Protein chains: 2
Amino acid sequence: MMRILVVDDDRLVCASIKTILEIGEDITVVGVGHNGKEAIALYDRLQPDILLMDIRMAEMSGLEAAEAILNTHKQAKILFLTTFSDDEYIIKALKLGAKGYLIKQDFESILPSLRAVNIGQNVFGDDIIAKLPQLMDHRGATDFSGYNISDKELDIIKRVAEGLNNKEIAHELYLSEGTVRNTLTIILEKLSLRDRTQLAIFYYKNK
Amino acid sequence: MMRILVVDDDRLVCASIKTILEIGEDITVVGVGHNGKEAIALYDRLQPDILLMDIRMAEMSGLEAAEAILNTHKQAKILFLTTFSDDEYIIKALKLGAKGYLIKQDFESILPSLRAVNIGQNVFGDDIIAKLPQLMDHRGATDFSGYNISDKELDIIKRVAEGLNNKEIAHELYLSEGTVRNTLTIILEKLSLRDRTQLAIFYYKNK
DNA sequence: AGGGAATAATTACAAATGTCACGGTGAACT
DNA sequence: AGTTCACCGTGACATTTGTAATTATTCCCT
């Protein structure tokens, strides 16, 4: 028996989803919540197999709640429900470790998707798959947190990653070439790399 | 009733999959093939709801077959079966428009995944989702067509893109360091680049 | 057998790169 | 004022890198 927790702002949506879900005899909706905080509390208490949750909610968003829950329950299976596919949230949801992304209106797909998720798969709509390449491309700046990289150092890193040599970088940043070289040495030390080529590679791999 | 076409090199695998599938009363295996060519022919003739196909096959690979089929039947739902998740193929499969990627050994997940795909979802295992960001980075091997790059040159390019220096590359390829340098000069000339760092960047940007 | 053509090595040289130790700011703190 | 500290620059050095000219080797060709 699959135990599902449903969380959505809109009580009407909760009700209709509950109805749809319980068409499957192997499914029980063990709880219903209406914002992120409730989601966290209910998840802790009920330990459902799957959490079906809206992304946009007052009080606390689905993303925040998901993050909190996955912090405690690393294996949690969380499926997001949304009225439309919202680019910005999708990548975050994926990074967080969500198991999928469903469109509320698409009633038919909810049940089969849940079953697929239940046995360990991830489920995404066509629209999202189509957008994936762009989304991944669009990925934010390289993450240097944890390496203690200063702003100036970052300026240099970016230019190394553009293929500039030290003279060009010095000129662009109004520094002497020597300073650029020294700073680069510091950067390589901080990132445990050997040369500018490895730095450029690091830059493109970490995003 | 879902009509499935199964294509796999290994007859034993075909048989066991067929058995598993027909546990679901709403599923029929309408045909079985053993290589890419058969897949194309059978698909044309049977017009199944879903094509479940191995990626690696003698004669003609699953990828080639999928490409051909999707050319004619743009809406075709194709699911790849594989014994392990093979990075190189995954991105190609995604680009092609495959609906998912299943692990053969994971019997349980096959049936629910099929149903999810049938109603229009895409299904992927956890391992693949985890790798997605890198895969997108990595999408396809860098395209050097039009630049007239030889195999040996490509070997060197790949290693430059891994951050190796000339000595290391020479050692890995059983060449002298001088030869590596000379070849690198040729490569840079061909690609109109200035140094190895720009080459590494080029490598990661063009894919 | 002799004449390319392709591939690998060697050599030499100039330029870029990475590393270090050191000196000179100037701002901030007490 | 004195001190610390972060920042920029310089000079010197070893290494790596990129380029070019030249030679050796092999294979192919007719």
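**Stop 1: DNA strand C**

Select DNA strand C and the protein residues around it. This is a predicted model. There are 17 residues around strand C, and those that come nearest are A:N165, A:D195, A:R196, B:G178 and B:T179. Both protein chains appear in that list. Now colour by element. α9 of chain A and α9 of chain B each give two or more residues to this surface. Which helix gives the largest share of the surface near DNA strand C? Select α9(A): its share is 5 residues. Next, colour by residue class. The surface near strand C has 9 polar, 5 charged and 3 nonpolar residues.

**Stop 2: DNA strand D**

Move to DNA strand D. Here 18 residues lie around the strand. Select A:L175, A:S176, A:G178, A:T179 and B:D195, which come nearest. Then show α9 (177-191) of chain A and α9 (177-191) of chain B. Each supplies at least two residues of the surface near strand D. Which helix supplies the largest share here? It is α9(B), with 6 residues. By class, the surface near strand D divides into 10 polar, 5 charged and 3 nonpolar residues.

**Stop 3: just past α9 in chain A**

Select A:S192. This residue sits in the loop between α9 and α10 (196-205) of chain A. Check its backbone: phi is positive, about 55°, although A:S192 is not a glycine. Most residues other than glycine have a negative phi. Is A:S192 buried or exposed? A:S192 counts as exposed, because it has 9 C-beta neighbours inside 10 Å; the cut-off for exposed is 12 or fewer.

**Stop 4: where the two chains meet**

Hide the DNA and show chains A and B together. The contact takes 29 residues from chain A and 29 residues from chain B. Stay on the chain B side. Select α5 (107-118), β6 (121-125), α6 (126-137) and α10 (196-205) of chain B; these elements give two or more residues each to the side that touches chain A. That side has 14 nonpolar, 9 polar and 6 charged residues.

Now zoom in on β6 (residues 121-125) of chain A and β6(B). How do these two strands run? They run antiparallel, joined by 5 bridges. For one pair to click on, take A:Q121. Its bridge partner in β6(B) is B:G125.

**Stop 5: chain A as a whole**

Hide chain B. Chain A has 10 helices and 6 strands. Of its 207 residues, 35% count as buried. Among the contacts in chain A with a separation of 6 or more, 59% are between residues 24 or more positions apart.

**Stop 6: strand β4**

Select β4 (residues 77-82) of chain A. How many of its residues are buried? The count is 6 of 6. Turn the strand to see both faces. In a regular strand the side chains alternate between the two faces of the sheet. A:K77, A:L79 and A:L81 are buried on one side of β4(A), and A:I78, A:F80 and A:T82 are buried on the other.

Add β3 (residues 50-54) of chain A. β3(A) pairs with β4(A) in the parallel sense, over 5 bridges. Click A:M53: its bridge partner in β4(A) is A:F80. Trace the chain from β3(A) through α3(A) to β4(A); this β-α-β crossover is right-handed.

Now add β5 (residues 100-103) of chain A. β5(A) and β4(A) also pair in the parallel sense, over 4 bridges. A:F80 turns up again here, opposite A:Y101 in β5(A).

**Stop 7: the loop before α3, and α3 itself**

Select A:E59, in the loop between β3 and α3 of chain A. Its phi is near 70°, a positive value in a residue other than glycine. A:E59 counts as partly exposed because it has 13 C-beta neighbours inside 10 Å.

Finish on helix α3 (residues 62-72) of chain A. Show A:G62, A:L63, A:A65, A:A66 and A:I69, which are buried. Look down the axis of α3(A). The buried residues fall within an arc of 160°, so they line one face of the helix. Then turn to the other side of α3(A). A:N71 and A:T72 are exposed there.

Conventions
Residues numbered from 1 in each chain as written. Chains lettered and ligands numbered in written order. Predicted model: local features only at pLDDT ≥ 70, side-chain atom pairs only at ≥ 80, totals over all residues. Contact = placed C-beta atoms within 7 Å. Nonpolar A, V, L, I, M, F, W, Y, C, P; charged D, E, K, R; others polar. Pairing = 2+ DSSP bridges. Near = placed C-beta within 6 Å. Buried ≥ 20, exposed ≤ 12 C-beta atoms within 10 Å, placed from the backbone. Arc of directions from axis to C-beta. Right-handed = clockwise from strand over helix to strand, strands pointing away.
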